[in-house]
Amino acid sequence: MPNPTYEQVCSGHTGHAEVVQVEFDPSIITFEQIIEVFFLTHNPTTMNRQGNDVGEQYRSIIFAHDEGQRQTAEAVKAKLESEHVFDQPIV
């Protein structure tokens, strides 16, 4: 569904997810630091759920703008998993 409303996304029938786009100054904070905050401020081990909000629209997801960001996100995920930061695997 192109350009759904918030209410439509909340219905869980659009295929969209609730997301934010973060603009940042890399001289102040790195993309890696942002990804670490992302993983550590929510539960990335629950499939399609954040707290009491349940449904595909609440999946834990990162949209990278380029291959470097994708690789950084994957590296942070692998690091957190190897350090057993969470009791369950990151989904």
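**Core, pocket and loops of a predicted chain**

Reader: In which helix is Gln-69 found?

Author: The model discussed here is predicted. Helix H3 covers residues 67-82. Gln-69 is found in helix H3.

Reader: Is Gln-69 buried or exposed?

Author: Leaving aside residues up to four places away in sequence, Gln-69 touches Phe-31 and Ala-64. Its relative accessible area is 14%. Burial requires a value under 20%, so Gln-69 is buried.

Reader: What pattern of helices and strands does the chain follow along its sequence?

Author: The chain has 3 helices and 2 strands. Its C-alpha atoms fill a box of roughly 35 × 30 × 20 Å along the principal axes. Read along the sequence, the order of these elements is α-α-β-β-α.

Reader: What percentage of contacts between residues at least 6 apart in sequence join residues at least 24 apart?

Author: One pair that lies far apart in sequence is Phe-39 and Val-85, with a separation of 46 residues. In space, the C-alpha atoms of Phe-39 and Val-85 are 10.0 Å apart. For the chain as a whole, among contacts between residues at least 6 apart, the share joining residues at least 24 apart is 55%.

Reader: Which helices each supply at least two residues of the largest nonpolar core?

Author: The largest nonpolar core has 8 residues: Phe-31, Ile-35, Phe-39, Ala-73, Val-76, Leu-80, Phe-86 and Ile-90. One helix spans 31-40 and another spans 67-82, and each supplies at least two residues of this core. These are helices H2 and H3.

Reader: Is Phe-39 buried or exposed?

Author: Phe-39 is found in helix H2 and belongs to the largest nonpolar core. Residues up to four places away in sequence aside, Phe-39 touches Pro-44, Ile-62, Ala-73, Val-76, Lys-77, Leu-80, Phe-86 and Ile-90. Its relative accessible area is 4%. With the limit for burial set at under 20%, Phe-39 is therefore buried.

Reader: Which residues does Ile-90 touch, not counting those up to four places away in sequence?

Author: Ile-90 is one of the residues of the largest nonpolar core. Phe-39 and Leu-80 also belong to that core, and both are touched by Ile-90. The full list of its contacts is Phe-39, Pro-44, Thr-45, Lys-77, Leu-80 and Glu-81.

Reader: Is the aromatic pair of Phe-38 and Phe-39 stacked or edge-to-face?

Author: The structure holds 2 aromatic pairs. In the pair of Phe-38 and Phe-39, the ring centres are 5.2 Å apart and the planes lie at 70 degrees. Because planes over 60 degrees apart meet the criterion, the pair is edge-to-face.

Reader: Which helix gives the most to the lining of the largest pocket?

Author: The largest pocket has a volume of about 700 Å³ and is lined by 24 residues. Val-20, Val-22, Phe-38, Ile-61 and Ile-62 lie nearest its centre; of these, Phe-38 counts as partly exposed at 25% relative accessibility. With 5 residues, the element that gives the most to the lining is H2.

Reader: Which backbone nitrogen does the side chain of Thr-14 reach?

Author: Thr-14 lies in the loop between helix H1 (6-10) and H2, and at 12% relative accessibility it counts as buried. Not counting residues up to four places away in sequence, Thr-14 touches Met-1, Pro-4, Gln-8 and Val-9. At 3.1 Å, its side chain reaches the backbone nitrogen of His-16.

Reader: Is Asn-3 buried or exposed?

Author: Asn-3 is placed in the segment before H1. Although not a glycine, Asn-3 has a positive phi of about 50 degrees. Its relative accessible area is 75%; since exposure begins over 50%, Asn-3 is exposed.

Reader: Where is Asn-48 found?

Author: Asn-48 has a positive phi of about 55 degrees, although it is not a glycine. At 23% relative accessibility, Asn-48 counts as partly exposed. Its place is the loop between H2 and strand S1 (49-50).

Definitions and conventions
Residues numbered from 1 in each chain as written. Predicted model: local features only at pLDDT ≥ 70, side-chain atom pairs only at ≥ 80, totals over all residues. Heavy atoms only, no water. Core = buried A, V, L, I, M, F, W, Y, C linked by side-chain atoms within 4.5 Å. Buried < 20%, exposed > 50% of the residue type's maximum accessible area, 1.4 Å probe, protein only. Helix = DSSP H or I, 4+ residues; strand = E, 2+ residues; numbered from the N terminus. Contact = heavy atoms within 4.5 Å. Phe/Tyr/Trp six-rings, centres within 6.5 Å; stacked < 30°, edge-to-face > 60°. Polar contact = N/O pair within 3.5 Å; in protein donor to acceptor, adjacent residues only side chain to side chain. 1 Å grid on protein atoms, 1.4 Å probe; cavity = no way out; pocket = protein on both sides within 12 Å on 5 of 7 lines; lining within 4 Å. Points joined across faces, edges and corners; volume = space filled by probe spheres on them.
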